[in-house]
Amino acid sequence: MASTHGGRPSICPTLLYADAKAAIRQLTEAFGFTELSVYEGEDGVVMHAELVQGNGAVMIGSKGRGGVFDAAMKDAGTTGVYVVVDDVDAHHRHAAEHGAEILMPPTDQEYGSRDYMARDVEGNIWSFGTYAPEIGT
């Protein structure tokens, strides 16, 4: 699994879940994310959470918490997120051992990456692989 680096990512996918606590549990336990912060309302609803993997992050919240973003996401479809990891096979093994639904086992791609694909507890698709785009300055 990729190590966590300092700094601020410039892109953070944001996902809303009916059961955000279950999603956080799966993303940390099965997919190796690190919990950076979780903010809950008085009723235990996850208002905002940040999980990190390598030098990237995802933001997570509970569906139905109210607000403009929650309303905008109401009819949105599932999301697909790609995460770069150092060792795809070890990452896959760990996810499978923690009960993640694997959609594609580790596979060598024509473009030189090695990837696998999994579905999270609410249907979002997570791809983990070795491909990382070169971003110029």
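Colleague: Which strands do the buried residues of α1 pack against?
Modeller: This is a predicted model. Helix α1 covers residues 20–29, and its buried residues are Ala20, Ala22, Ala23, Ile24, Gln26 and Leu27. These buried residues pack against β1 (14–17), β2 (34–40), β3 (46–53), β4 (56–62), β7 and β8.

Colleague: Take β2. Is Ser37 buried or exposed?
Modeller: Ser37 lies in strand β2. The cut-off for buried is under 20% relative accessible area. Ser37 has 13% relative accessibility, so Ser37 counts as buried.

Colleague: Which residues is Ser37 in contact with, leaving aside its neighbours within four places in sequence?
Modeller: Ser37 belongs to β2. With those sequence neighbours set aside, the contacts of Ser37 are His48, Ala49 and Glu50.

Colleague: Now the open sheet of 4 strands. Which strands stand at its edges?
Modeller: The pairing in this sheet is mixed, and the strand order is β5-β8-β7-β6. An edge strand here has a single partner, so one of its sides is left without a neighbour in the sheet. That holds for β5 (80–84) and β6 (101–108).

Colleague: By how much are neighbouring strands of this sheet turned against each other on average?
Modeller: The sheet in question is the open one with the order β5-β8-β7-β6. Direction is ignored for this angle. The average turn between neighbouring strands is 15°.

Colleague: Which residue stands opposite Gly80?
Modeller: Strand β5 is joined to β8 (residues 125–129) by 5 bridges. The two strands run parallel. Opposite Gly80, in β8, stands Ile125.

Colleague: And what is the bridge partner of Thr107 in β7?
Modeller: Strand β7 spans residues 114–119. Strands β6 and β7 pair in the antiparallel sense, over 5 bridges. In β7, Thr107 has as its bridge partner Asp115.

Colleague: Which residue takes a positive phi in the hairpin of β6 and β7?
Modeller: This hairpin has 5 residues between the strands. The positive phi is near 100°. The residue that takes it is Gly112.

Colleague: Is Tyr111 buried or exposed?
Modeller: Tyr111 sits in the loop between β6 and β7. The cut-off for exposed is over 50% relative accessible area. Tyr111 has 53% relative accessibility, so Tyr111 counts as exposed.

Colleague: What is the area of the nonpolar surface patch made by Tyr82, Val84, Tyr111 and Tyr131?
Modeller: One of its members, Tyr111, comes from the loop between β6 and β7. Tyr82, Val84 and Tyr131 also belong to the patch. Its area is about 400 Å².

Methods. Residues numbered from 1 in each chain as written. Predicted model: local features only at pLDDT ≥ 70, side-chain atom pairs only at ≥ 80, totals over all residues. Heavy atoms only, no water. Pairing = 2+ DSSP bridges. Axes fitted to C-alpha atoms, helices over the stretch in contact; angles between N-to-C directions. Patch = residues over 30% accessible without salt bridge, like charges linked within 9 Å, V, L, I, M, F, W, Y side chains within 5 Å. Areas by Shrake-Rupley, 256 points an atom, 1.4 Å probe, with all protein chains shown as cover. Salt bridge = Lys/Arg side-chain N within 4 Å of Asp/Glu carboxyl O. Buried < 20%, exposed > 50% of the residue type's maximum accessible area, 1.4 Å probe, protein only. Contact = heavy atoms within 4.5 Å.
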